[in-house]
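These are my notes from a reading of one structure. I set down what I looked up, entry by entry.

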Amino acid sequence: MNLTQVITILSITAAVFTVMGIGGTARYLNWISREVDAGLLKLGIRVLMPCFIFVKVVGNPAFDEAANVYQPPVWGFLSVAIGCLVAYSWARAGGAKLGFDHTDKVHTFAICIGIFNYGFIPIPLIQEIFGERALGVLFLHNVGVELGIWTIGVSLASGGLTKGWWKNVLNPPSLTIILSLFINEMGWADLVPEFVTQITSILASAAIPMMMLLIGATFYDQIFHGDVKDDNKGAWPTYISAVLLRLLLLPILFLLAALWLPISLELKQVAAIQAAMPAAVFPIVLTKHYGGDPRTALRVVMASTVVGFVTIPIWISTGIDWLGLETTVLQQSSQEVIVAPQLEPLQQAIHVAGISVRTTNRVEMNPESGQIPKLYEKYESDNIDALIVDPVEPKQRIAVYADYESDQSGEFTMLLGRKVSAEAEIPDQLDKVRIHKGNYLHFVGEGEMPEAVMKTWQEIWSFFEEDTTYTRTFEADFEIYDEASPNRVDIFIAVE
């Protein structure tokens, strides 16, 4: 990994823990009182998180790949199972020498090591480092983690499965994932009403910040008001054991598994983040409710979380390097200058000759089905430039998006070629398109290609979602690539 990516990971990690710290401060100041915890938690789990999952899963092209449907939950369940088994074996072997002088402590240690933080810390990390495809896969991975918690975790804590354990697995987030995958499978993503999309998007934006603040408040309670009296002799062995297993041995084990097993790219991205995670907070509640030793749970969570602040960016960077994910990290280089779009009128029409393909943005999001990369390959292999006689700008190549079916969600025609004069005659094997004069918003993207192009289009879509000053006409948009600036793309969007 390059230094910029390491700094980015450090920055994101620090931001996550800072928000949690603000939650802890809010608890100290009684801005988030303990009386509202239950209500906020229910609101988050039953409303906000389902909306967040719905927004991120419905229409996510990652699930066009079958492996991203069945592999993530299996990986999530096995991660919990293997983590619990390793920790259980460690605690049984160490016994009283490591402070595990009672069965409850052994079982509690196994639960807390096996159940890693699978939600509110990795979600912002994955979203910022790898993007929406990996984030969608994370949610399906978490269904397997939930299954592991309510089967293996509860069995260890209570001595067996409790009646109705399956109801806890079929919680609102899990049911939302099932519903979202069904919508994707039926091809109904584009049929979701606009007002539903708007409502879920608004609620989704509040999910992660609120839950992270609540986690910070919970950490404050556990650190300063946890029940750890009269058992100080076993503290340090538990702390050390937790760090060695959760933040050293298991990350190595999980990253090696991700390296050797034939899993999807997105699941490798999830594994790179999850391997670095500390113990989850929830096992503290689980052991209190179903039986166990809350003090051991608190020590495991505290030690792995505090030390995790240092080890998380190290392990994420290591995982990206080991798994060969460097090229999949979202480009956040300081060299990529984000230029505010400028309104530029086109005084006369532009004519472009080249080869074309009919496609959709949904198709292009899937590397296996994408038609545009194949068009670029055909352009080079068939030496299309040689068929375009006397181009207007010999040093420039232009890509035109025209003949839109509706908007960015519908079909469109993409033509790759060069500018020609209005009177130019072109061979029969080539197509020709006319870009009308009018107003265009000029966006600039810089960085490694083609990632910079995709990132700039994402910025364009976000711009028109958030800014109502301009309205796209969907007549014809175009990209200009100049040989003099190989790491730059100029994108012009037609507006009213």
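**Entry 1: Histidine 351**

I began with histidine 351, which lies in strand β2, residues 350–359. I noted that the model is a predicted one. I then asked whether histidine 351 is buried or exposed. Its relative accessibility is 16%, and buried means under 20%, so histidine 351 counts as buried. I next listed its contacts, leaving aside residues up to four places away in sequence: histidine 351 touches Arg418, Lys419, Val420, Ser421 and Ala422, and also Lys432, Val433 and Arg434.

**Entry 2: Helix α11**

I turned to α11 and found it mostly covered, with 9 of its 10 residues buried. The buried residues are Glu266, Leu267, Lys268, Gln269, Val270, Ala271, Ala272, Ile273 and Gln274. I looked up what they pack against, and the partners are α3, α5 (122–129), α6 (132–158), α10 (235–260) and α13.

**Entry 3: The second largest cavity**

I asked how many cavities of 30 Å³ or more the structure holds. There are 2. The second largest cavity contains about 50 Å³ of space. I recorded its lining as Trp75, Ser79, Phe116, His141, Phe254, Ala271, Gln274 and Ala275. Two or more of these residues come from each of α3 (67–94) and α11 (265–274). I sorted the lining by class and obtained 5 nonpolar, 3 polar and no charged residues. Ala271 and Gln274 of this lining also appear among the buried residues of α11.

**Entry 4: The second largest pocket**

I then examined the second largest pocket, in which about 1,400 Å³ of space lies. Its lining consists of 43 residues, and those nearest the centre are Leu41, Ile45, Phe120, Met211 and Phe282. I asked which helix gives the most to this lining. It is α2, with 8 residues. The elements that each supply at least two residues are α2 (37–57), α6, α7 (165–169), α8 (172–186), α9 (194–225) and α12. By class I found 26 nonpolar, 9 polar and 8 charged residues in the lining.

**Entry 5: Helices α12 and α13**

Last, I followed α12 (residues 282–290) to its contact with α13 (residues 294–322). The two helices pack at an angle of about 175°, and their axes are 9 Å apart. Angles over 145 degrees count as roughly antiparallel, and α12 and α13 are therefore roughly antiparallel to each other. On the α12 side I listed Pro283, Ile284, Thr287 and Lys288, which meet Pro294, Ala297, Leu298 and Val301 of α13. I classed the residues of this contact as 6 nonpolar, 1 polar and 1 charged.

Terms used
Residues are numbered from 1 along each chain as its sequence is written. This is a predicted model: local features need pLDDT of at least 70, side-chain atom pairs count only at pLDDT 80 or more; totals for chains, interfaces and linings use all residues. Side-chain values use heavy atoms; hydrogens and water are left out. Axes are lines fitted to C-alpha atoms, for helices over the stretch in contact, and angles run from 0 to 180 degrees between N-to-C directions. Helices (H or I, at least four residues) and strands (E, at least two) are DSSP runs, numbered from the N terminus. Angles under 35 degrees count as roughly parallel, over 145 as roughly antiparallel, 65 to 115 as roughly perpendicular and the rest as oblique. Contact means heavy atoms within 4.5 Å. Ala, Val, Leu, Ile, Met, Phe, Trp, Tyr, Cys and Pro count as nonpolar, Asp, Glu, Lys and Arg as charged, and the others, Gly among them, as polar. On a 1 Å grid over the protein atoms alone, a cavity is a set of points where a 1.4 Å probe fits but cannot get out, and a pocket is an open set with protein on both sides within 12 Å along at least five of seven lines; lining residues have an atom within 4 Å of a point. Grid points are joined across faces, edges and corners, and a volume is the space filled by probe spheres set on the points. Buried means under 20% relative accessible area, exposed over 50%, partly exposed in between (1.4 Å probe, protein chains only).
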